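Colleague: I should be grateful for a close look at one helix residue and its contacts. Please then set that part within the chain as a whole.

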Amino acid sequence: ALQFKSLDSILQTVNAETGEKQAVTYKCVDIDKMVPSLMGVSKAVLENVVFVHQEESNWPLGEGKVLKDKFDDIFAATKYTRALDTLRKLRNEKNA
């Protein structure tokens, strides 16, 4: 027999203007996207700083490559570098 189970999560927020509580049901995948945006931080910050497990809390003392990757995730260095490259290309195209 086949079984299908779907996990739903309820996210409760408070309206800043009215003080009224609002609850919305989401699929777990949607919750993973909603929480970082509602908290105003990236997913990397939540995973590596806010909700880091005690056993993994020494990651800042880790190996160079692992440490660099984590910092790149936290500070969105890849997105920043891509944005700079795009701006340079656009400027060069405009000046050419």
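Modeller: Leu38 makes contact with Leu11 and Thr13, once its neighbours within four places in sequence are set aside. The residue belongs to helix α1, which covers residues 28–39. Between the two contact partners in sequence comes Gln12, and here a distance can be given: Leu38 and Gln12 are 26 residues apart in sequence, while their C-alpha atoms are 11 Å apart in space. This model is a predicted one, and the description should be read in that light.

Helix α1 also holds Asp30. For this residue the comparison is with Ser9, which is 21 residues away along the chain; the C-alpha atoms of Asp30 and Ser9 are separated by 9.0 Å. Is Asp30 buried or exposed? The relative accessibility of Asp30 is 34%, and because buried means under 20% and exposed over 50%, Asp30 counts as partly exposed.

The next helix offers a residue of another kind. Asn48 is found in helix α2. Its relative accessibility is 9%, so Asn48 counts as buried. Apart from neighbours within four places in sequence, Asn48 is in contact with Trp59, Lys70 and Ile74.

Two of these partners, Trp59 and Ile74, appear again in the largest nonpolar core, which has 5 residues: Ala44, Val45, Trp59, Leu67 and Ile74. Helices α2 (43–50) and α3 (64–74) are the elements that give two or more residues to this core. One of the core residues, Val45, touches Val50 and Ile74 when residues up to four places away in sequence are not counted. Ile74 is therefore a contact of Val45 under the 4.5 Å limit on heavy atoms, and Ile74 is a contact of Asn48 as well.

It remains to place these parts in the whole chain. There are 4 helices and 2 strands, and from the N terminus on they run β-β-α-α-α-α. The radius of gyration is 20 Å, well over the 12 Å that the globule rule gives for 96 residues, so the chain is more spread out than a compact globule. Along the principal axes, the C-alpha atoms fill a box of roughly 60 × 40 × 40 Å.

How much of the chain is buried? Of the 96 residues, 11% count as buried. The chain exposes about 8,600 Å², and carbon and sulfur atoms supply 56% of that area. Among contacts with a separation of 6 or more, 17% join residues 24 or more positions apart. As for charge, the chain has 14 positive and 14 negative side chains, and the centres of the two sets lie 7 Å apart.

Notes. Residues numbered from 1 in each chain as written. Predicted model: local features only at pLDDT ≥ 70, side-chain atom pairs only at ≥ 80, totals over all residues. Heavy atoms only, no water. Core = buried A, V, L, I, M, F, W, Y, C linked by side-chain atoms within 4.5 Å. Buried < 20%, exposed > 50% of the residue type's maximum accessible area, 1.4 Å probe, protein only. Rg over C-alpha atoms; globule rule 2.2 N^0.38 Å. Areas by Shrake-Rupley, 256 points an atom, 1.4 Å probe, with all protein chains shown as cover. Lys, Arg positive; Asp, Glu negative; His and termini not counted. Charge placed at Lys NZ, Arg CZ, Asp CG, Glu CD.
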